Amino acid sequence: MHYFLSAGEPSGDLHASVLIDELKRKDAEATFTFLGGDLMARAAGHPPVIHYSRMAFMGFSEVLRNLKTIGENFKIAKASLKGSVADALILVDYPSFNMKLAKYAKELGIPVFYYISPKVWAWKEWRVKGLRRYVDHILSILPFEVEYFKDKNVRVTYVGNPSKEEMELKLAHAGTKADFIARHSLDPDRQLLALVPGSRRGEIRNNLPIMDAAARRNPSLQPVIAAAPGIPPEFYAQYSSFPRIEGDTFRLMHFSEVALVTSGTATLECAIAGTPQVVCYRANGSKLSYNIMKHLIKAPFVSLPNLIADREVIPEMLVHLCTVDSVDAKLKAILEGMPGREKQLEGYRIMMSRLGEGKAASGAAAIITEELNSR
């Protein structure tokens with residue numbers, strides 16, 4: 001079989017590369033055409049048609065500035081999909097681009113699978129109509145999506161969560177806390193406080209000052225910033241003088257007593273690491289922005305641990321509620337010996353049980369190959 005995959009950002013490149021490996025295990029004659037990155041290239045054995053570095057535009061203004069490039073990318077993707085004579089199109093997240101590609105694939109009569117689907121249950125619910133029309137099967141990595149999509153008459157199967165697999169593998173090879181502290185020249189006599197302010201400059205600019213100020217109210221803890229790749233040290237230095245660690249975020253979270261984490265996948269990773277946390281999402285901090293966000297977002301929570309457990313496991317300090325006082329109060333409530341800590345850890349156990357033991361990429365590859373063979 002020939003598989004065409006489309007992933008437009010680093011996380012999609014990672015998950016798609018594992019899926020390629022699994023497809024090769026289940027289909028000895030598998031060949032690939034893809035839009036993605038270096039990890040997918042390593043798995044497939046050749047470069048992408050378009051590298052995600054030419055695709056990963058975020059935010060309205062950035063998209064507007066790059067409309068010409070986006071249009072050129074889509075023209076190239078369409079021509080490549082048609083010329084590849086693919087047996088299946090496999091989409092990985094990146095919905096604005098991939099939903100258009102799904103529509104074109106259906107015009108060509110190519111089956112479409114969506115692995116890591118758009119978060120339409122949170123916002124842009126109008127995309128459900130396109131998913132129902134153009135996607136043959138959603139291969140979900142979030143268990144609560146199954147009921148949602150089934151209610152919308154969209155075919156869906158939960159295949160497991162790749163973050164859970166990746167984090168459990170990292171846990172098995174995490175080493176000792178003493179080794180971690182020695183490697184990064186940290187103080188062995190103070191408990192660690194992980195500050196995870198996000199991977200984009202805007203997130204760091206908005207959230208790190210709040211995290212820094214709250215951390216300074218807890219002098220018994222040793223704050224350490226999880227630095228994102230590609231962000232220079234001098235950018236962080238504008239907002240905090242605490243030490244930074246790059247490329248070791250998971251171990252930092254795992255060996256910390258508590259964490260302050262900007263909303264996103266990192267909240268799930270921190271929960272899997274077993275570290276109590278407070279979610280911080282400042283944005284511009286205005287009450288108007290908060291009210292607009294609450295109106296637009298349909299889900300009851302924004303953090304994945306809460307959504308998966310279907311209850312408030314971790315406190316979410318959002319927009320104008322994300323103040324130094326509120327973050328500090330929530331942080332103190334989950335320190336060692338506080339009742340909030342055990343309550344949060346119990347919520348993590350519920351979350352983990354709902355994630356299950358399924359191997360996401362392996363399950364997705366099995367479904368794709370079985371359905372293609374049955375055709």
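**View 1. The open six-stranded sheet of the predicted model**. In this predicted model, six strands make up an open sheet whose order is 10-9-8-11-12-13, and their pairing is parallel. The edges are taken by strand 10 (244-246) and strand 13 (316-318), each of which has a single partner strand, so that one side of each is left without a neighbour in the sheet. From one strand to the next, the twist averages 25°.

**View 2. Strand 8 and its pairing with strand 11 and strand 9**. Strand 8 (residues 191-196) pairs in the parallel sense with strand 11 (residues 258-262) over four bridges, and in this pairing Leu 193 stands opposite Val 258 of strand 11. With strand 9 (residues 221-227), strand 8 likewise pairs in the parallel sense, here over five bridges, and Leu 192 is found opposite Gln 222 of strand 9. Strands of a sheet pair through backbone hydrogen bonds, either parallel or antiparallel. Of the six residues of strand 8, five are buried, and the strand is therefore largely enclosed by the rest of the structure.

**View 3. The open seven-stranded sheet**. Seven strands, following the order 3-2-1-4-5-6-7, form an open sheet in which the pairing is parallel. Its edge strands are strand 3 (50-51) and strand 7 (156-158), each of which pairs on one side only.

**View 4. Strand 1 beside strand 4**. Within the order 3-2-1-4-5-6-7, strand 1 (residues 2-7) and strand 4 (residues 88-92) run parallel and are joined by five bridges. Tyr 3 stands opposite Ala 88, which belongs to strand 4.

**View 5. The crossing of helix 8 and helix 13**. The axes of helix 8 (residues 162-172) and helix 13 (residues 265-273) come within 10 Å and cross at roughly 45°; the two helices are therefore oblique to each other. The crossing in which helix 8 passes helix 13 is right-handed. On the side of helix 8 the contact is made by Ser 163, Lys 164, Met 167 and Leu 171, while helix 13 contributes Thr 265, Leu 268, Glu 269 and Ile 272. Taken by class, the residues of this contact between helix 8 and helix 13 divide into four nonpolar, two polar and two charged.

Conventions: Residues are numbered from 1 along each chain as its sequence is written. This is a predicted model: local features need pLDDT of at least 70, side-chain atom pairs count only at pLDDT 80 or more; totals for chains, interfaces and linings use all residues. Side-chain values use heavy atoms; hydrogens and water are left out. Axes are lines fitted to C-alpha atoms, for helices over the stretch in contact, and angles run from 0 to 180 degrees between N-to-C directions. Angles under 35 degrees count as roughly parallel, over 145 as roughly antiparallel, 65 to 115 as roughly perpendicular and the rest as oblique. A crossing is left-handed if the near helix is turned anticlockwise from the far one by less than a right angle, and right-handed if clockwise. Contact means heavy atoms within 4.5 Å. Ala, Val, Leu, Ile, Met, Phe, Trp, Tyr, Cys and Pro count as nonpolar, Asp, Glu, Lys and Arg as charged, and the others, Gly among them, as polar. Two strands pair if DSSP finds at least two bridges between them. Buried means under 20% relative accessible area, exposed over 50%, partly exposed in between (1.4 Å probe, protein chains only).
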